[in-house]
2 protein chains.
Amino acid sequence: MTYCCGILVADGLVMIADTRTNAGLDDISTFRKLHLFGGEGRHTIAIATAGNLSATQNVINLLAEGVDSNESPAQEHSSVNRIDEAPTMYAVAQLVGRAVRQVRRVDTDAYEQESVAFRVSFLVGGQVGIERPRLFMVYSAGNFIECTADAPYLQIGEHKYGKPILDRAVTFKSDLYDALKIGLISMDSTLKSNLGVGLPIDVAVIRRDAHKFEVDERIEAYDPYFRDLRERWSAALRAAHASIPRPPYGPDKA
Amino acid sequence: MTYCCGILVADGLVMIADTRTNAGLDDISTFRKLHLFGGEGRHTIAIATAGNLSATQNVINLLAEGVDSNESPAQEHSSVNRIDEAPTMYAVAQLVGRAVRQVRRVDTDAYEQESVAFRVSFLVGGQVGIERPRLFMVYSAGNFIECTADAPYLQIGEHKYGKPILDRAVTFKSDLYDALKIGLISMDSTLKSNLGVGLPIDVAVIRRDAHKFEVDERIEAYDPYFRDLRERWSAALRAAHASIPRPPYGPDKA
């Protein structure tokens, strides 16, 4: 499994991904799932991946080396084949979608013979040129949605454990580093409840118009800040529920 | 969807269930999913249900009216056909399992013709006679597991949103009404993140050796305690993440 989230606020974008991969419980490994492109010049793009590792790695390679320019005569034709040529983030999301469909065309028959589902998803976030930072989620079919200010985050992988804190704590107006902190708490909730998601965590922060990765960190298990965050959050949750009065139902009701 | 949880502590048992059912997003309704049996004399039993409503209601009816006494010549034969005859909670869980298999036998062929999966699950908790309170989870195949002190809760339905708080806050030694409070917080996290789970909530508390339902409440949307709990919990979470220092990654790092 995997857990990745992207948070889009007015000041920029936070991308967080774990590194746990597993083919069964007895075959667990560590692979980077947060991929950075550019960081100098026009393109500052972070892509987080979930799903079949061979397929997602394939897509990431195609983005750098070149995606087929036309899928079929009936489908979209684009002269953009590499991520560093994309004029906008929308074009980047389209390119990721085309790469997904290219890999899908090659792999699907063999996957079916092995009774494996072709299941991948991507968070595609960043800034290109003077356009505002944008965040997209690309699905297994290559189609995609864009994150908007109403719900300023997107998640892929094992997303449910970490959703309640995002629903409560993040708005489009949140400070960029508050967004990072809440993203790390969301990751912590997931790590705590699902063994399929594991440390280390990769983190990227893109500040609007900075045209570089303001943060590009790998957070290891011994990272003092993340350990402290986990302890403080646990203590705060205990204190929080302790401060709520006893339910009035039952014999003390009257 | 559905969310139900049962929490087993030294002093007794808490059972909580929502009431939302849906056949698609446009066909949402309210059905009781927490069913109480006994409450006087030897049996004090609460059963929470998830899955195909027709199948779970069928099972609940069979428990009161009588389950077939033998499934097939090769399988377990029991002289206990009704829940009020069960000598132990283990026998109750077996009886629920037999009822599930009885309904399954009748329904499966037609379900398959309709391409509907037979998917049900049950939390079966309570106390029979002088035995300690016990909690079981019964699956679609009629097999079941028992809750133990190491992880003193079981969940069915949409369980992931509400799991982090249970993992952090409940132990077998928790006070019975703390367990109820944490169960309600777990329900709140689920309500907040998934529209398929909805108010009102049904709650039962069984205190060890009390041989009655100490709490048998329906919590409606306007319930002042539950509203206060939700507001306090939101405020406490905001305060909790605000109290955690800013991440040291990025430009302020040096």
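Which residue forms a salt bridge with B:Asp188? The views below take you there, starting inside chain A. This is a predicted model, in which local features need pLDDT of at least 70, side-chain atom pairs count only at pLDDT 80 or more, and totals for chains, interfaces and linings use all residues. Residues are numbered from 1 along each chain as its sequence is written, chains are lettered from A and ligands numbered from 1 in the order in which they are written, and side-chain values use heavy atoms, leaving out hydrogens and water.

**View 1. Strand β2 of chain A is mostly covered.** Here you see residues 12-18, and 7 of the 7 are buried (under 20% relative accessible area, with exposed over 50% and partly exposed in between; 1.4 Å probe, protein chains only). Strands (E, at least two residues) and helices (H or I, at least four) are DSSP runs, numbered from the N terminus. In a regular strand, side chains alternate between the two faces of the sheet. In β2(A), A:Gly12, A:Val14, A:Ile16 and A:Asp18 point one way, while A:Leu13, A:Met15 and A:Ala17 point the other, and all are buried.

**View 2. Two strands of chain A pair with β2(A) in the antiparallel sense.** Pairing requires at least two DSSP bridges between two strands. Strand β1 (residues 3-9) shares 6 bridges with β2(A), and a hairpin of 2 residues links them. Look for A:Cys4 opposite A:Ala17. Strand β11 (residues 201-207) is joined to β2(A) by 7 bridges, with A:Val205 as the bridge partner of A:Val14.

**View 3. Chain B meets chain A.** Contact (heavy atoms within 4.5 Å) involves 47 residues of chain B and 47 of chain A. The two chains bury about 4,400 Å² between them, 65% of it on carbon and sulfur atoms; this is the accessible area (1.4 Å probe) that both parts lose on being put together, summed over both. B:Arg168, B:Ile244 and B:Tyr249 supply 20% of the area chain B buries here, more than any other three residues.

**View 4. A salt bridge links B:Asp188 to A:Arg168.** So A:Arg168 is the partner we asked about, by the rule that a Lys or Arg side-chain nitrogen lies within 4 Å of an Asp or Glu carboxyl oxygen. The closest N and O atoms are 2.7 Å apart. Across this interface the rule finds 4 salt bridges. Elements giving two or more residues to chain B's side are α3 (163-169), α4 (176-193), β12 (213-219) and α5 (224-242). The largest share, 12 residues, comes from α5(B).
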